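Q: Please take a close look at one part of this structure, for a reader who is new to it. Describe that part and then place it in the wider chain.

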Amino acid sequence: MPKLILYPHSSAIGNRVYDNYYNFKATFTTTPLYHGGIADFMRLLMAYSTLWLYPSTMPITSKNMFKALSICQSPRAYYFSSVPYVLEVCAGDAATVHKLIGMDMVGVGGAPLEEDIGNFLVKKGVKLVSRFGTSECGFLMSSYRSFQVDQEWDYLRSKHGSAYEFISLGTRGFDGEQKFELEVLSTWPQMNCQPNTPRGRYATGDLFVRHPLVTEAYKHVGRRDTLIALSNGKKLDPTVIERALEESELALESFVFGNGRPFPGILVFPSTARNVSREEIFKVLGEKNAGTNIMPDMIVFPPPYLYPLRSSKGQIMRQTTLEIFKKDIEKAYKRYELEVPFGERLKRDNFEKLGEFVRSVVMEVIGEKVLSRKQPLGSTTDLFRYGVDSITAVHIRNRLLKGVEIDSSRISQYVVYEQTSIAGTDSITRYLFAGGDGGTAKEDMEEDLMRHLVRKYDAVDNSWVLGDIMAESETPDEVVLLTGATGSLGRHIAKQIVTERPDINKLYCLCRPESEAKMEALIGELHRIAPSGRRLQISSVVENLDLAGIGKVAYDDLREATIIIHAAWSVNFLAPLSSFESPDISSVQQLLRLARQCKRKACFVFCSSIASHSNQWSIRQSCSDSPSVVDKLGYSRSKWVAEKICENAALAGQTVAIIRIGQLSGDTVDGAWNHSEGWPMMIGSLSEVGCLPDFEQKLSWLPVDLAARGVLDIAGSADRIDTMPGEPVFNLGNMDISTSWSVVLDWLKMAGAQFERVSPQQWLEKIEKLEPGARSRKLFPIWQAMVFAPS
């Protein structure tokens, strides 16, 4: 029996959807009054018009639908209201489709309509509108639009100022699109339930993706409870893969699994008409599998005639299906870990053969990524930059263990991250040839590499002449070039330029090609928040971060900049230093050279981090010549290298500001904090180990909007930077350390979180015992440094 939902009369009439369009015009609906039809009924009462009801005693066929629509002529039905199944039936009959084309509007809701069906109807001329609502909150929004110029029926239009918001989950699906969850505010008039979030809102659990160009337009793509949360923290939308198999020539029903595991797998239910092989399925998945990395070994065929259970709306009942096929899934993971598919294991006495084997393993695991890249996968190619992620890293290590004669304890869990290529200087082949951990002196070479990168990417070349640096223009207008605008800090910098810095008349946002859609959405947001009468030109420049391949015209445009704020940097605490060489470290060199060639003297602002001097008890506002001031993380070391490059440019006479930013937190407006950062991830570990470390550490978390304001204040003080004594280094942090970590734990308890408070050592022991692919286990070295760092 369906769950009962409180639905008072006030909710039924509180939302007069399309009331300006329904007046005196009849509607035809196929949904009964005891279901969605009640909304049509209430709406038509208020619109002084007629409601035609499809008889429940007649089966829904295209022939019967045509007859019913033909009868609805006195008064004529101008609006058609239905569920997806009805439209699918209608789409198969040309005469019925012709009837729909004559409607002023054809509305569909209650469940997702197949994209192909919707596109077909719209191309035929049907004015299709998708409606979205929930039982708890009633109708929320629709895709009503200008039908003559806009055919995107599946993007719902959100009205600015509505009592609901789209909250970013900070995760991406297999298709790479950013996901948002809909939250309804308590002020929504049709709220028929209790809030389920700490902020007093109702999170519907529905997931959306934002339109890349149209503002306030979102497409419904699934439910949050369908997301698969891998043990490394990555969340994946399984419906993309399941839909790919269903729509293929194999027409297979499938079910992706992997909750709490380091990588996903898939149950495939072949039709009774024919048998299919793993190879056929793997081939069909093709590019869709590039984000999931489902290996052929993890394609599972359950017993025949068993299928996943579906709800009345046709959606897979995921939890029930998991319980039914639990044994099949467990058996698949055990088989993956234990089976040795390579026959006799390879000895480590031949470097060339070992290299060939490593290459074959990497090619097998990331084959689709290789095919999608224009650049070949060379022996010295940085695997991390090439697209290897935490899932593929687990698969590669598993294959190496099965195929090479070496003790598993000698191969680091992070071998693919630590050894950055197949057969280069820091390579998997050399690592295995030397016997794994303990066989190389890699750590001893890191400081030499840091110094080498400083020399290699020095921005002061032979053409750099101090006397040639152009004098400052008397024109007061400022032009800013900003990198990292789609990141947390960069986004706040961009917003404050628009709302708080009237002296800035032009803003260039340099973004990577893969961030173009996010950049366009941000620019739309910046225009919306701009004060009335604000004259500010905002442009996105879609180029590589290190300006590689930039055209002469685009480069000349960037030479207008008077301030260059470099806030973009890769954030991966597992990647080695060499992975940050391009484009991160190289971008510092190229942007400094751009600043040198600007039409007016430009101030270069580098947003660094206190991580660049993380091994020091107190951090002076100066650059250190010793790499030993940095911890072992590649991220921290890359920041030290970048600072030294900036310092050399400043010594050569360029206006440079190095801003060392402390631990950023949520802003001062709503406090929302990216859950993929260190402290939020520590709190998130309680879901894996059921406890949190209790230790006394004073916290100096800096709200990100205050940090952005500090960056802009320093950037606007170029004249004082040139004349200040000492090095142009600014430590930007929160000096208020009155709050301790122990107090934060008290607040979490007060908020209702259930966990045990343990010592840092006990907590770290539990983290260390997690399976290798678990999210918190992966960050174990970082947790160690974070917990025992000096306060």
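A: The account below starts with the whole chain, turns to strand β18 and what surrounds it, and ends with some places elsewhere for comparison.

The model is predicted. The protein chain has 791 residues, and 50% of them count as buried. There are 31 helices and 27 strands in this chain. If contacts in the chain are taken between residues at least 6 apart in sequence, 69% of them join residues at least 24 apart. The chain exposes about 37200 Å², of which carbon and sulfur atoms supply 52%.

Strand β18 covers residues 504-511. Asn505 is one of the residues in this strand. Asn505 counts as partly exposed because its relative accessibility is 28%, and the buried class takes in only values under 20%. Once residues up to four places away in sequence are set aside, Asn505 touches Asp477, Glu478, Arg534, Arg535, Leu536 and Gln537. The C-alpha atoms of Asn505 and Ile538 are separated by 8.7 Å, with their positions 33 residues apart along the chain.

Lys506 also lies in strand β18. Lys506 has a relative accessible area of 15%, so it is buried. The side chain of Lys506 meets that of Glu560 in a salt bridge, with 2.9 Å from N to O. Glu560 sits in the loop between α21 and β20 (563-566), so this pair ties together parts that are 54 residues apart in sequence. Glu560 is partly exposed, as its relative accessible area is 24%. The salt bridge therefore pairs a buried lysine with a partly exposed glutamate.

Another salt bridge links Arg559 and Asp556, whose closest N and O atoms are 2.8 Å apart. Arg559 is partly exposed at 21% relative accessibility, and Asp556 is partly exposed with a relative accessible area of 28%.

Cys509 has a relative accessibility of 0% and so counts as buried. A disulfide is a covalent bond between the sulfur atoms of two cysteines. Cys509 is in no disulfide, and the nearest cysteine sulfur, which belongs to Cys511, is 8.0 Å away. A search of the whole structure finds zero disulfides.

Strand β18 also has a share in the interior. In soluble globular proteins, nonpolar side chains tend to be buried together. The largest nonpolar core here has 46 residues, and those that touch the most other members are Leu481, Ile585, Leu592 and Phe604. Strand β18 supplies at least two residues of this core, as does each of α18 (442-456), β17 (478-483), α21 (552-558), α22 (581-596), β21 (603-609), α23 (634-651) and β22 (656-661). Helix α23 gives the most, with seven residues.

Phe604 shows how one member of this core is surrounded. Leaving out residues up to four places away in sequence, Phe604 touches Ile564, His566, Val588, Leu591, Leu592, Ala595, Cys646, Thr655, Val656 and Ala657. Apart from this core lies another one, of 39 residues, among them Met519, Ala567, Ala715 and Ile721. Cys603, like Cys509, is buried: its relative accessibility is 1%.

Other parts of the chain can be set beside this. The structure holds 24 salt bridges. One of them joins the side chains of Arg201 and Glu165, at 3.1 Å from N to O. Arg201 lies in the loop between β9 (178-184) and β10 (202-210), and Glu165 lies in strand β8, so the pair ties together parts that are 36 residues apart in sequence. Arg201 is buried, with a relative accessible area of 12%, whereas Glu165 is partly exposed at 33% relative accessibility. Salt bridges that share partners join Glu165, Glu183 and Arg201 into one network.

Ser158 is in the loop between β7 (155-157) and β8 (164-172). With a relative accessibility of 11%, Ser158 counts as buried. Beyond its neighbours within four places in sequence, Ser158 is in contact with Tyr164, Phe166 and Glu216.

At the surface, Leu33, Phe41, Leu45 and Leu53 make a nonpolar patch of about 340 Å². Leu53 belongs to strand β2 (residues 51-53), and its relative accessibility of 41% is why it counts as partly exposed.

Conventions:
Residues numbered from 1 in each chain as written. Predicted model: local features only at pLDDT ≥ 70, side-chain atom pairs only at ≥ 80, totals over all residues. Heavy atoms only, no water. Patch = residues over 30% accessible without salt bridge, like charges linked within 9 Å, V, L, I, M, F, W, Y side chains within 5 Å. Areas by Shrake-Rupley, 256 points an atom, 1.4 Å probe, with all protein chains shown as cover. Salt bridge = Lys/Arg side-chain N within 4 Å of Asp/Glu carboxyl O. Helix = DSSP H or I, 4+ residues; strand = E, 2+ residues; numbered from the N terminus. Buried < 20%, exposed > 50% of the residue type's maximum accessible area, 1.4 Å probe, protein only. Core = buried A, V, L, I, M, F, W, Y, C linked by side-chain atoms within 4.5 Å. Contact = heavy atoms within 4.5 Å. Disulfide = S-S within 2.5 Å.
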